[in-house]
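Trainee: Could you take me through the largest pocket of this protein in detail? I would like to know what kinds of residues line the largest pocket.

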Amino acid sequence: MRTARIVASAAIALAATAAFATAAERARTGSNPIVRDVFTADPAPLVVGDTLYLYVGHDEAQRDEMFTMREWLVYSTRDMRHWTAHGPVMNVAGFAWARKDAWASQVIRKNGRYWFYAAVEHDGTHPGKAIAVAVSDRPTGPFVDARGSALITNQMTPKGTHSWEDIDPTVFTDDDGTTWIAWGNRQCYIAKLKPDMIGLDGPITEITPPFFEEGPWLHKRSRTYYLTYASLDRSTQRDEHISYATAPSIGGPWTPRGLLTGSGKYSFTIHPGIAEFRGKWYLFVHNADLAIGDQRGAIGRRAVTVHPLTYARDGTMRPVVQTDAGVTAR
Ligand code: FUB
């Protein structure tokens, strides 16, 4: 009886080891995950000339901690194969009014400067999650707090049901030069940014699409606007998937287009980032399928992956199958 139990435990341990690929195995199989020496999450690409910059949160959860995220990192590539690490662009301590949590971010270029928007936990003066804005003259930072206070606090969206509703900013500049910011968890909001990029210019409007969970990403291709996001149909799904909606203008109306991709392997969360680079489109997400030493992937130990993104003739995005090969399969 005791021998049978030992054999069973050994089999379970072996299966668990086999389920998570090591960094060395990954190197042989393809381009995913992009970063293999640290855990990364919440990818946000930015194209500047012939370089694609990729901003990520640094996942440092130990054991069964949920999220431990203190800083944001940036990587760059010119060929989608070779990536250069530039180190941290900012630590959450750089926002003196924030308590913790370097959650999802996005950087946008405007007026020759780089504007960094990120979700953090506010201190007790404005309890709940908040959205911060920082600025740098270079895409690789360092970024510094651009206003000394939160751009968006939980108190500015009073209809919301929970304290982590104001997270995951996405920023997008329309053809008329107006920059918009959308964000949210369970509720999705949008507002215009002032030309100085550090204040809201008008009301906050709710645009929550079906099954919206978090992680909105705004982009435009040809004449179509896309709102891509982490979705969760709680009646049938255990983990987040990615869905999207399209519109003829940034003001809507938004038409739900259903699923873009399934969940990230072993991960409850998934988070889209989309970019066109050298004439091809890419979808960045994360999963929890990386092991580094004895640290296995987990809710707070994720790994960013990238996949080809293509469009049908009618402008809808074709469903994406996430693979280890990633863009090397192209
Ligand atoms: O990484 C922390 C949070 O998990 C992000 O803000 C969400 O999008 C989810 O990925």
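Mentor: Happily! In this predicted model, the lining of the largest pocket is made up of 13 nonpolar, 3 polar and 4 charged residues. That lining comprises 20 residues, and the ones nearest the centre of the pocket are Leu 46, Ile 108, Val 171, Phe 172 and Thr 173. Try finding those five names in the structure. Next, look at the elements around them: β2 (39–48), β7 (105–110), β12 (170–173), β16 (212–221) and β20 (273–277) each give two or more residues to the lining. The space they border has a volume of about 480 Å³.

It helps to set a neighbour in the ranking beside it. The second largest pocket has a volume of about 400 Å³. Lining this second pocket are 23 residues, with Met 66, Phe 67, Trp 103, Trp 164 and Glu 214 closest to its centre. Here the lining divides into 9 nonpolar, 4 polar and 10 charged residues.

Now, how far can you trust the picture? The protein averages a pLDDT of 92, and 90% of its residues score at least 70. Among its elements, strand β17 (residues 224–231) has the highest mean pLDDT, at 99, while helix α1 (residues 2–19) has the lowest, at 39. Over residues 1–18 the pLDDT stays under 50, and the model has 2 contacts beyond four places in sequence for that stretch. Where pLDDT is low, predicted coordinates should not be read in detail.

Conventions:
Residues are numbered from 1 along each chain as its sequence is written. This is a predicted model: local features need pLDDT of at least 70, side-chain atom pairs count only at pLDDT 80 or more; totals for chains, interfaces and linings use all residues. Side-chain values use heavy atoms; hydrogens and water are left out. pLDDT is the predictor's confidence in each residue, from 0 to 100. Helices (H or I, at least four residues) and strands (E, at least two) are DSSP runs, numbered from the N terminus. Contact means heavy atoms within 4.5 Å. On a 1 Å grid over the protein atoms alone, a cavity is a set of points where a 1.4 Å probe fits but cannot get out, and a pocket is an open set with protein on both sides within 12 Å along at least five of seven lines; lining residues have an atom within 4 Å of a point. Grid points are joined across faces, edges and corners, and a volume is the space filled by probe spheres set on the points. Ala, Val, Leu, Ile, Met, Phe, Trp, Tyr, Cys and Pro count as nonpolar, Asp, Glu, Lys and Arg as charged, and the others, Gly among them, as polar.
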